[in-house]
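Please find below my notes on the model, set out as numbered points. They move from the model as a whole to single residues.

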Amino acid sequence: TTNPRIILAGRVNQEDMRILYNASWVFFHPALKESQGIVVMDALTLGMPVIVNNIEAPPELIAGTESGFVIDCASPDAPAQLIHAIREL
């Protein structure tokens with residue numbers, strides 16, 4: 001099934017990314033490898049809460065803040081972690 005409230009955009013250009021940010025209330029970044037987290041920083045700059053995978057740089061971007069949640073996307077209970085994070089927003 002699909003949900004019109006969930007957008008799996010994939011790779012987009014900067015202009016389209018801004019449109020997606022403006023239409024969103026949360027940014028979920030489940031990357032398996034992310035050394036910088038530029039898109040996470042963009043979302044944070046716009047005041048959007050973020051949910052990130054517990055890998056490399058993204059968790060450090062929100063450490064010690066109330067800007068979002070870190071989940072372990074490799075965990076068997078990752079869906080439950082994501083649902084919990086969304087409910088907390």
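1. Trp-25 is a convenient place to begin, because at a relative accessible area of 43% this residue is partly exposed, a class that lies between buried (under 20% relative accessible area) and exposed (over 50%), with a 1.4 Å probe and protein chains only. Trp-25 sits in the loop between helix H1 (14–22) and strand S1 (27–29), where helices (H or I, at least four residues) and strands (E, at least two) are DSSP runs numbered from the N terminus. Together with Ile-86 and Leu-89, Trp-25 makes a nonpolar surface patch of about 270 Å²; patches are made of residues with over 30% relative accessible area and no salt bridge, like charges being joined within 9 Å and nonpolar side chains (Val, Leu, Ile, Met, Phe, Trp, Tyr) within 5 Å.

2. On provenance, this is a predicted model, in which local features need pLDDT of at least 70 and side-chain atom pairs count only at pLDDT 80 or more, whereas totals for chains, interfaces and linings use all residues. Residues are numbered from 1 along each chain as its sequence is written, and side-chain values use heavy atoms, with hydrogens and water left out.

3. As to the overall fold, the protein chain has four helices and three strands, which follow one another from the N terminus as α-β-α-β-α-β-α. The chain's radius of gyration of 13 Å agrees with the value near 12 Å for a compact globule of 89 residues, the radius being taken over C-alpha atoms and the globule rule being 2.2 Å times the number of residues to the power 0.38. The C-alpha trace spans about 35 × 35 × 25 Å along its principal axes, and 27% of the 89 residues count as buried. The accessible surface comes to about 6,300 Å², with 55% belonging to carbon and sulfur atoms; accessible areas come from the Shrake-Rupley method with a 1.4 Å probe, and for residues only the protein chains shown count as cover.

4. Which residues make up the largest nonpolar core? The nine are Met-17, Tyr-21, Phe-27, Val-40, Ala-43, Met-48, Val-50, Val-52 and Ile-62, and H1, helix H2 (38–45) and strand S2 (50–53) are the elements that give two or more residues to this core. Such a core is a set of buried Ala, Val, Leu, Ile, Met, Phe, Trp, Tyr and Cys residues joined through side-chain atoms within 4.5 Å.

5. Two residues may be inspected for their surroundings, with contact meaning heavy atoms within 4.5 Å. Not counting residues up to four places away in sequence, Val-50 touches Phe-27, Val-40, Ala-43, Leu-44, Ile-62, Ser-67, Gly-68 and Phe-69. His-29, found in strand S1, is buried at 13% relative accessibility, and its contacts beyond four places in sequence include Val-40, Ile-51 and Val-52.

6. The structure holds one salt bridge, a term for a side-chain nitrogen of Lys or Arg within 4 Å of a carboxyl oxygen of Asp or Glu. The partners are Lys-33 and Glu-56, whose closest N and O atoms are 3.0 Å apart. Because Lys-33 lies in the loop between S1 and H2 and Glu-56 in the loop between S2 and H3, the pair ties together parts that are 23 residues apart in sequence. Lys-33 is exposed at 66% relative accessible area, whereas Glu-56 is partly exposed at 40%.

7. Finally, the backbone of Glu-56 merits a check: although this residue is not a glycine, Glu-56 has a positive phi of about 45°.
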